[in-house]
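Visitor: I am new to this structure and would like to be led through it slowly, one question at a time. Could you show it to me before we begin?

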Amino acid sequence: MGKGSARALALALAVILACSDVAVVTAQETERIEGSAGDVLEDDPVGRLKVYVYDLPSKYNKKLLKKDPRCLNHMFAAEIFMHRFLLSSAVRTFNPEEADWFYTPVYTTCDLTPKGLPLPFKSPRMMRSAIQLIATNWPYWNRSEGADHFFVTPHDFGACFHYQEEKAIGRGILPLLQRATLVQTFGQKNHVCLKDGSITIPPYAPPQKMQTHLIPPDTPRSIFVYFRGLFYDTGNDPEGGYYARGARASVWENFKNNPLFDISTDHPPTYYEDMQRSVFCLCPLGWAPWSPRLVEAVVFGCIPVIIADDIVLPFADAIPWEEIGVFVAEDDVPQLDSILTSIPTDVVLRKQRLLANPSMKQAMLFPQPAQPGDAFHQILNGLARKLPHGSNVFLKPGERALNWTAGPPGDLKPW
Amino acid sequence: MKSLLPRSELRRSSAAAVRSSAGGAAGGDGAVADGGGAGPRAPASSTFWFLLHALCCLISLFLGFRFSRLLFFMLFSTTALYHSTSSSSSAAVLRATTTTTTTTTTTTTTTNTFTLSFAAANTPPSGPANRTALEAAAEADKAAASGNPQSHVVVGRHGIRIRPWPHPDPVEVMRAHGIMERVQEEQRRWYGVKEPRQVLAVTPTYSRAFQALHLTGLLHSLRNVPYPLTWIVVEAGGTTNATASMLARSGLTVVHIPFPDRMPTEWADRHATENRMRLHALRVIRERKMDGVVVFADDSNVHSMELFDEVQKVQWMGAVSIGILAHTGTADQLRLSEEDKQNMPLPVQGPACNSSGHLAGWHTFNSLPFSGKTATVVGEAAPVLPRGLEWAGFVLNSRMLWKEAEGKPDWVKDLDAVGENGEEIENPLTLLNDPSSVEPLGNCGKKVLLWWLRVEARADSKFPQGWVIEPPLEVVVPAKRTPWPETTPELPSELLDDKQKLEDRHLSRGNKSSQPRGTTKRKGDPQGQDN
């Protein structure tokens, strides 16, 4: 770690010098983000790891995209953009012998309904078929049974491949992915669909669209709490109480008449602008605990109020979410107004300073082309932090860890 | 928004959901589970068993799967529920019963009071973390379950937690506003003007019916200005105690200057006198070497807060756009032709820029549609029009007025040379040698930052001082007509007779109990007989 610590020291010195300059030139104060892993948001992954990208036939990726280009705009588009980024990235290597990590570009969330929602029913078979392909054509899967491979599974419950939580829990993570590293948006502590060593990422939010809706930063923040979204999902949960574990309904029932809370299901065209005029933005769970609201709140400088018990937020080891957002237990939702108004003002101002840090905003976005410090780089940083691989990654010859016939029989059908 | 009706059922059925959601949606599962629970309570005989099974199926058929489970839960669960809710107060019933569903600890209590067959029905392994917690806790002690580090987040239906009286607490609201104000202050410090200059607001005023109304409005606007402000009030006819006390109560820094001449009653003369009063104020600024940005805040105008942010940018002399509200809202509105309506969507007076953003000319008010119908006397019920260029649309750097100031440009005339010989000053451009150097503000005049309005009470109106009539009137009689809404100034006698006839007809038609004011308003309908 000698190289790493010297680099960190140099980086810290540079940042301190830069900060002192910044204080003189512009009056905008931002605070440096220091997560549990140190000041790692600005780390450069190039040179710290090598990634080999498998060349899968286009039926796994390009053909799906061509069939339905809406996959590029929905919140699961991270898998597609990650593939594109890796193809032209400096961490890519064409020599699989020297690769630390192997990436399989399979777009499992690109099977969309006419309305645009992804159907996960074929995804396990697609993933299985892709793994079978790489296991037969390359020796690298079998030598580690996937322990040095990573997959991007941005669906609702990650590699459980179902949108309904009970069914997802019932299925569990695809057995073939037991040893691989999963890069997913879903994160909840002690949940079946989050395995140890996964990297949680933010959902995809279109950076250009958010850029075009920026308003002058001196517009005073005059809304106290802001939220736009469903409180009851009458289509899928007519009796109430299932959707969002009743938390969203509780927010509505308790605060619909409170003038400090600007909450409604109406989606106005000034949604992004209104977020920039708010102090707090609610990010409650829905059917799954994660949502693009967190990304939008961070980009627009609105303090996220996260109402999702045991949620694991993106890049949790690099970003100190406790210091940036406000966490409210679902049981405490009826006291939300007391909780928010009793936060001391200097804490609120500090959170705003941390949010104003451009590296924070950059880490939540997937810009095209990729820029230093963005979410792609944070994923690679996360992968780099897992290196070097432990001793149990490579299996002894003849040792087998995966059960290729495990799982529901429907998954075993070829895709 | 849907209304949640059977919330109690939701809570209870959520416990049921936790138990049997692993079983999927098959109705048979519920029947089996419930049948299994009911079984050991009666001696196992095959016919009884069959009958019970049939009964369960029938109930499921009629009530639906969820409600049938509910029924059985209610039948078998009375003891268990009272166990867990015995310690809760009625007000917190909502919260207490939700705890039965959201924590595995209390669900284990419910399973423990039943026979083990319930737990058996739950064991079809699905591998969820919470389910294994349930099994683990069911086997372990009840007390141990609370120390279980496993997840307490349970999948299934939860109750919707509602506070008994969800009203906003005023102390919290004030704290929230405190937070917002502090946040806005920080925003101003980060992104706003770096070195805010003092604002010098110059207001000519005189004693009349609406003086208190206008001054109060202006006072409130000025109190909201986030920059240091000095209010220079020039009062025609000398200072009055009423004005002085109002200004003293305002909490602003005020310079109250008397102006010897009285305000005339003709509009043309009033405009001229106001101009002289403003010049007088400028001379005072020059004498006292007051430093800042001079804003001409007429007492009846409406100012936006963005105006005061924008004027901080002025170098020497700037111009802003004013929206003109020329209609006085009298009963007979100005009849505008369609074409006129197209051409003047909103009259705006202010700087006009060419494509490169430099001052090219001025937008002024088009007074052609109003020709002949404007008011000449203050208090007349006719529209009042602005002059060529209103003073309110200009802002000055006060150093421009000083005798010597560094950097003072040479296209500024010396103040002493202006208005000395009794010549009339139409607009501040006469203070300059070269009017083309005025800076257009507010996005080159595209943003309207203040509104010009001239509303005065009718010339013959009487007004009480401070809303008190001193000495009190000798006779006080209830009014036959309410003063609200405002009627037209002239009521021809024919109209009066018509109204009388209307009134008689209405009186004869059915009983007329006292109608609250303002509910059914027919034009000129006499109301309020019980006043």
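Visitor: What is the area buried between chain B and chain A?

Guide: This is a predicted model, and the value is computed from its atoms. The size of an interface is often given as the accessible area lost when the parts come together. Of the area buried between chain B and chain A, carbon and sulfur atoms give 60%, and the whole comes to about 4,500 Å².

Visitor: How many residues of chain A are in contact with chain B?

Guide: The contact can be counted from either chain, and on the side of chain B there are 44 residues that take part. By class, these comprise 21 nonpolar, 12 polar and 11 charged residues. On the other side, the number of residues of chain A in contact with chain B is 58.

Visitor: Which residue of chain A meets B:Arg157 in a salt bridge?

Guide: Across the interface of the two chains, the rule finds four salt bridges. In one of them, a nitrogen of the B:Arg157 side chain lies 3.1 Å from an oxygen of its partner, which is within the 4 Å allowed for such a pair. That partner is A:Glu239.

Visitor: Which helix gives the largest share of the side of chain B that touches chain A?

Guide: Between chain B and chain A, the count of residue pairs in polar contact, both at pLDDT 80 or more, is 14. Helix H1 (7-20) and helix H10 (170-191) of chain B each supply at least two residues of the side that touches chain A. The largest share, 15 residues, comes from H10(B).

Visitor: How many disulfides does the structure hold over all chains?

Guide: A disulfide is a covalent bond between the sulfur atoms of two cysteines. Those of chain A follow the pattern 1-2, 3-4, 5-6 when bonded cysteines are counted along the chain, and chain B has a link between B:Cys353 and B:Cys444. Over all chains, the number of disulfides is four.

Visitor: Is the disulfide of A:Cys71 and A:Cys110 right-handed or left-handed?

Guide: The sulfur atoms of A:Cys71 and A:Cys110 are 1.9 Å apart. The bond links distant parts of the chain, from the loop between helix H2 (62-67) and helix H3 (78-87) of chain A to the loop between strand S2 (101-103) and helix H4 (123-137), 39 residues apart. Both A:Cys71 and A:Cys110 are buried. The torsion about their S-S bond is about 120°, so the disulfide is right-handed.

Visitor: Which cysteine is joined to A:Cys281?

Guide: The sulfur of A:Cys281 lies 2.0 Å from that of its partner, and with 110° about the S-S bond the link is right-handed. A:Cys281 is in strand S8 (residues 278-284) of chain A, whereas the partner is in the loop between helix H10 (293-299) and strand S9 (303-307), 21 residues apart. Both cysteines are buried, and the one joined to A:Cys281 is A:Cys302.

Visitor: Is B:Cys353 buried or partly exposed?

Guide: B:Cys353 is joined to B:Cys444 with an S to S distance of 1.7 Å, and the torsion of about -105° makes this disulfide left-handed. The pair links strand S8 (residues 348-353) of chain B to helix H16 (residues 442-445), 91 residues apart. B:Cys444, at 18% relative accessibility, counts as buried. B:Cys353 has 26% relative accessibility and therefore counts as partly exposed.

Visitor: Why is there no bond between B:Cys56 and B:Cys57?

Guide: B:Cys56 is buried, with a relative accessible area of 3%, while B:Cys57 is partly exposed at 38%. The closest cysteine sulfur to B:Cys56 is in B:Cys57, but this is too far for a bond because the distance is 6.9 Å.

Visitor: Which residue makes a polar contact with the side chain of A:His149?

Guide: A:His149 lies in strand S3 (residues 149-152) of chain A, and its 0% relative accessibility means that it counts as buried. Leaving aside neighbours within four places in sequence, A:His149 is in contact with several residues, including A:Tyr54, A:Trp101, A:Phe102 and A:Trp141. Its side chain makes a polar contact, at 3.0 Å, with the side chain of A:Asp148.

Methods: Residues numbered from 1 in each chain as written. Chains lettered and ligands numbered in written order. Predicted model: local features only at pLDDT ≥ 70, side-chain atom pairs only at ≥ 80, totals over all residues. Heavy atoms only, no water. Disulfide = S-S within 2.5 Å. Helix = DSSP H or I, 4+ residues; strand = E, 2+ residues; numbered from the N terminus. Buried < 20%, exposed > 50% of the residue type's maximum accessible area, 1.4 Å probe, protein only. Contact = heavy atoms within 4.5 Å. Buried area = accessible area lost by both parts, 1.4 Å probe. Polar contact = N/O pair within 3.5 Å; in protein donor to acceptor, adjacent residues only side chain to side chain. Nonpolar A, V, L, I, M, F, W, Y, C, P; charged D, E, K, R; others polar.
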